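Here are a few exercises to work through with the model open in your viewer. Try each task before you read its solution.

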Amino acid sequence: MEDVIIGVVTIAAVLFFILFQRTKTKRYKVPPGPKALPVIGNLHQLQNLNPQRFFYGWAKKYGPIFSYKIGSKTMVVISSAELTKELLKTQDVNFSDRPLHRGQEFMSYGRRDMAFHHYTPYYRDIRKMGMNHLFSPTRVATFKHVREEEARRMMDKIGVAADNSNAVDISELMLTFTNSVVCRQAFGKKYNEDGEEMKRFIKILYGSQSVFGKVFFSDFFPFTGYVLDDLTRLTAYMKECFERQDTYLQEIVDETLDPNRVKPETDSMIDLLMEIYRDQPFASEFTLENVKAVVLDIVVAGTDTAAAAVVWGMTYLMKYPHVMKKAQAEVREYMRERGLTFVTEDDVKNLPYFRALVKETLRIEPVIPLLVPRRCSQNTKIAGYDIPAGTTVNVNAWAVSRDEKEWGPNADEFRPERFFEKDVDFKGTDYEFIPFGSGRRMCPGMRLGSAMLEVPYANLLYKFDFKLPNGMKPDEINMDVMTGLAMHKAEHLMLVPEKVNV
Ligand code: HEM
């Protein structure tokens, strides 16, 4: 008898739950989207490669705002410039929070960083400090010599490969460049590129980056608790990566605390953060955990992005040789006229076609194509659809870069000239071109990021001609994108360099 009662009560509870869910969702006019399955939602339809292109396909079918489900969570994706403006300008405050992500929370010491912190007074304090100190124009200029030295080193390596007619791995070289620059800017550390310390740093960095990009079951199926994360070893992997990351960052912090330490010639970013730790200028306490969390942001956000951008740029240039020729001609003529041998950050300012090329590179493949997701704080409406508080919203910057209303029908064509016809910049006020995002959570490292990519990019064009290896044709280049926060070209770009007499 007891079993029968339990059975009846369970069925009644399930029916009540289904009915309640139905009436609850009926109250909302949710953005259109693909039909979701019970429990898993649209999980079975999502792809690991090229999510930005996949979502672009859904936007073509369902419109510039659509929704889908993963488990119990509703996700919304925006794909037009007009709605991006609505989200990141008109309703920016309401969308300035970040959604829950177990991995990001854990790795960032419980969101003590900037990128994943909730939109709180503490967040506004560190953001302001970041804009005024860490990423200010003066601070970016302080590290100019670092970026130029490391770019020279990269060119020398390519020069040796060219002398031996060997192919070079542009993806690997660019990552080595950005890793070296970031270690010097963030910690004042100059590692030997092939040494054990650098290898250790890279292993730790890749581990942290991969946890930031992973999908945790507990975020989308909260009723399962951590069981699925544990069973799939996600929890164990996350903890291992955190352990390595924390040991490393703690060593760096301890070194800066050592009274006998020889200070680097230029204050590194961790020195500035340690000053804040000593002065405690914020309303809430800025602990050593906060120092580690913010420095982690700098390292994670600063390495991948610039490297991925230059790799995408060189890939498109191989597919569009007339653009390559025009960019090379501009930089080579400029350098020849002045008798210079290395393109510096100051020279780049005088190269209008190259600057348009940088913009076109970031337009055609924005390296964080779905930006960093936002969380809606209060119930609202966008384009007449209800967006309940707690909804995760992504802007598909890759799709926005192809918004026909703004870019015309040939937006897939790689054509820097479009930036002479259309006066737009990536500073966050032109909503059809948002590779660094926009609004209150826009990338604070924009200036630093563009400085990091311009010098190696310009010198590659100045110093070398390139061929694809083994008779490969440009249309055989694999254009797949590897999923992560910053999205790299999945297959490394291999090119055969040839020195040019300029
Ligand atoms: C080409 C280089 C870079 C690109 C394309 C890029 C792009 C982006 C994008 C799209 C976002 C999300 C913005 C949003 O949610 O609206 C972001 C956030 C962020 N970026 Fe960058 N970034 C670059 C370089 C850097 C560098 C060099 C740093 C620091 C050293 C940096 C630090 C950050 C931080 C801390 C955030 C989080 C901001 C917040 O939530 O308040 N980025 N970046």
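**Exercise 1. Classify both ends of a salt bridge**

Task: work out whether Arg440 is buried, partly exposed or exposed, and do the same for Asp92.

Solution. Keep in mind that this is a predicted model.
- Step 1: Arg440 has a relative accessibility of 36%. Buried means under 20% and exposed means over 50%, so Arg440 counts as partly exposed.
- Step 2: Asp92 comes in at 3%, so it counts as buried.
- Step 3: now join the two up. Their side chains meet in a salt bridge, with an N to O distance of 3.1 Å. The pair ties together distant parts of the chain, 348 residues apart: Arg440 sits in the loop between H20 and H21, and Asp92 in the loop between helix H3 (81–90) and helix H4 (102–107).

**Exercise 2. Try two other salt bridges**

Task: find where Glu196 and Lys199 lie, then look at how Glu432 and Lys422 meet.

Solution.
- Step 1: Glu196 and Lys199 are both in helix H9 (residues 196–213), three residues apart, which is about one turn of the helix. Their side chains form a salt bridge at 3.7 Å, N to O.
- Step 2: check the exposure. Glu196 has a relative accessible area of 60%, so it is exposed. Lys199, at 48%, is partly exposed.
- Step 3: move on to Glu432 and Lys422, whose side chains meet in a salt bridge at 3.0 Å, N to O. Both residues lie in the loop between H20 and H21, ten residues apart. Glu432 is buried, since its relative accessible area is 10%.
- Step 4: zoom out. A search of the whole structure turns up 38 salt bridges. Some share partners, and one network built that way joins Glu149, Glu150, Arg153, Lys157, Arg184, Lys190 and Glu193.

**Exercise 3. Find what holds the iron**

Task: which protein atom is the donor to the iron atom of the ligand, and where in the chain does its residue lie?

Solution.
- Step 1: look around the iron. It has a single donor from the protein, the SG atom of Cys443, 2.3 Å away.
- Step 2: place that residue. Cys443 is in the loop between helix H20 (418–421) and H21.

**Exercise 4. Describe the shell around the ligand**

Task: how many residues surround the ligand, and which helix gives the largest share of the shell?

Solution.
- Step 1: count the shell. There are 26 residues around the ligand, and the closest are Arg98, Tyr123, Arg127, Arg374 and Cys443.
- Step 2: sort by class. You get 16 nonpolar, six polar and four charged residues.
- Step 3: sort by helix. Helix H5 (121–134), helix H14 (288–319) and helix H21 (446–463) each give at least two residues. The largest share, four residues, belongs to H14.
- Step 4: pick out polar contacts to ligand oxygen atoms. Tyr123 has a polar side-chain atom 2.4 Å from one, a side-chain N or O atom of Arg127 is 2.9 Å from one, and a polar side-chain atom of Arg441 is 3.0 Å from one.

**Exercise 5. Look at a covered helix**

Task: which residues of helix H13 (residues 269–279) are buried, and what covers them?

Solution.
- Step 1: list the buried residues. They are Met269, Ile270, Asp271, Leu272, Leu273, Met274 and Ile276.
- Step 2: see what lies over them. The cover includes H5, helix H6 (137–142), helix H8 (170–187), helix H12 (234–257), H14 and H21.
- Step 3: follow the chain onward. Gln280 comes after H13 and has a positive phi, near 45 degrees.

Terms used. Residues are numbered from 1 along each chain as its sequence is written. This is a predicted model: local features need pLDDT of at least 70, side-chain atom pairs count only at pLDDT 80 or more; totals for chains, interfaces and linings use all residues. Side-chain values use heavy atoms; hydrogens and water are left out. A residue is near a molecule or strand if one of its heavy atoms lies within 4 Å of it. A polar contact is a pair of N or O atoms within 3.5 Å; within protein, one must be able to donate a hydrogen and the other to accept it, and residues adjacent in sequence count only if both atoms are side-chain atoms. Ala, Val, Leu, Ile, Met, Phe, Trp, Tyr, Cys and Pro count as nonpolar, Asp, Glu, Lys and Arg as charged, and the others, Gly among them, as polar. Donors are N, O and S atoms within 2.8 Å of the metal (3.2 Å for Na, K and Ca); water is not among the atoms, so sites may look incomplete. Buried means under 20% relative accessible area, exposed over 50%, partly exposed in between (1.4 Å probe, protein chains only). Contact means heavy atoms within 4.5 Å. A salt bridge is a side-chain nitrogen of Lys or Arg within 4 Å of a carboxyl oxygen of Asp or Glu.
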